[in-house]
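Me: I am new to this structure and would like a close look at a single part of it. Could you take me through the nonpolar core and the elements around it, step by step?

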Amino acid sequence: MAEILRNECGCRVKTERFDFHPGGFWGYLRFCVVLDLLCVMTFFMTPWLSLFFGTVSMALMISEYILYREPIDPLFAKRQGTNVTAVRPAGDAVRQRILFTGHMDAAWEATLSYHISGTFYIVHALLATSGVLLYCLWSVLALAGAGAWVDTAAKISLVFLLIWPGVLFYCNGRRTVDGANDNLTGCFLSIALMKALEECDVRLDHTEVGVVLTGAEEAGLRGAKAWAKAHREAYQDVPTFLFTIDTIHHPQFLMVNQRDMNGLVRNDRELADLFVSAADELDIPCGRGSIPMMGGSTDSAAFRQAGFRSVSVAGMDHHLEDYYHTRRDTCDRIDPEGIGNCFAVMARLLEKMDGIR
Ligand SMILES: [Zn+2]
């Protein structure tokens, strides 16, 4: 991809390496299963210990999976990832910078989604979380001196022992999917736009345009975090806007995410409005949505947290389809209409933003 950007798109290309721990983002689950089992085993003898194990398990899940932090990453092997930054210089003095971003890595296969369904995976995750919360509640009630009924409730809740081991099948670290939709669509839409500018010999007068290709998004946005840290200072010279393009599939689901990272991070409102109005001008349907709790995140959230102005654009149903994070995400599952619509909006957006500023 870096070669295409350098040789066919007229871009200055920089490839940067970053250290991260690929096992951390999903590896926390093994710790949680052990903590959950300890939470149950200790309840019937020492409720305060049960509350402790349950709380640590929840804190670990919230920190790694909901907030994308890295509390236990150093316990896993260190590897190097790659980020690519490609920029087409402006014709004249630069007044703004517009970067389209996509993640180059693909997901490890979600075993439950592949063998059963994405909805089953979400329901399972919610049930597994509820089980820990219930035992925390039973512990608090037992410590507060509630009657024998709490013991009975805790015994009935032993049914969660059948559910928790299932979390070990959320992610198969031995199989990486193709990721045709998630997220070669985002990468190649962004690259294709640079290529079209080059082929049509279009150079924006005062706007530097470019592409950021991140690594390790599926391992917890680690590439975007590293990129944001590395470029935060240098990119303060002119207003810099990032559009994260992630999983462009169904045309009817093309949308800007106003909230990202499990609904907890607010994307840039003005950039969202600009993308939607560019789509409106072309009569292309583009909605506004949010990534729901337990729905994950895009790189845009990592950029936002580092202080960048960014928004994410997706074209997928949040009721996870069979290709999402499974081996079915192959090139024959690409939706040409969805891709074409998004490309047209991205091109219109550039034209529009270059005119505005
Ligand atoms: Zn993904």
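Reply: What follows goes from the core to one of its residues, and then to a helix and a strand. Please keep in mind throughout that this is a predicted model.

The largest nonpolar core has 63 residues, and within it V211, F243 and F275 are those with the most contacts. The element that gives the most to this core is helix 7, residues 180-199, which supplies 8 residues. Apart from this core lies another one, of 35 residues, including F25, Y114, Y170 and A216. As general background, nonpolar side chains in soluble globular proteins tend to be buried together.

Let us look closely at F243, which lies in strand 7, the run of residues 240-248. F243 counts as buried because 28 other C-beta atoms lie within 10 Å, where 20 or more is the cut-off for that word. If residues up to four places away in sequence are not counted, F243 touches F100, T101, L271, F275, V311 and V313. For a sense of scale, the C-alpha atoms of F243 and A146 are separated by 53 Å, although these residues are 97 apart along the chain.

One of the contacts of F243 is F275, and F275, with the same sequence neighbours left out, touches F243, V256, C286, V311, V313, V345 and L349. V311 and V313 therefore appear in the contacts of both F243 and F275.

F275 is also among the buried residues of helix 9, together with L271, A272, L274, V276, A278 and A279. Helix 9 covers residues 269-281, and because 13 residues at 1.5 Å a residue should span 18 Å, the 18 Å between its end C-alpha atoms agrees with that expectation. After helix 9 comes D283, whose phi is positive, near 55°.

The remaining residue named for its many contacts in the core is V211, and its number falls within strand 6, which covers residues 207-214. Of the 8 residues of strand 6, 7 are buried, so this strand is largely enclosed by the rest of the structure. Strand 6 pairs in the antiparallel sense with strand 2, residues 79-88, over 5 bridges, and here V212 of strand 6 is the bridge partner of T85. Strand 6 also runs parallel to strand 3, residues 96-103, and 8 bridges join the two, with E208 of strand 6 as the bridge partner of R97.

Definitions and conventions:
Residues numbered from 1 in each chain as written. Predicted model: local features only at pLDDT ≥ 70, side-chain atom pairs only at ≥ 80, totals over all residues. Core = buried A, V, L, I, M, F, W, Y, C linked by C-beta atoms within 7 Å. Buried ≥ 20, exposed ≤ 12 C-beta atoms within 10 Å, placed from the backbone. Helix = DSSP H or I, 4+ residues; strand = E, 2+ residues; numbered from the N terminus. Contact = placed C-beta atoms within 7 Å. Expected span 1.5 Å × (residues − 1). Pairing = 2+ DSSP bridges.
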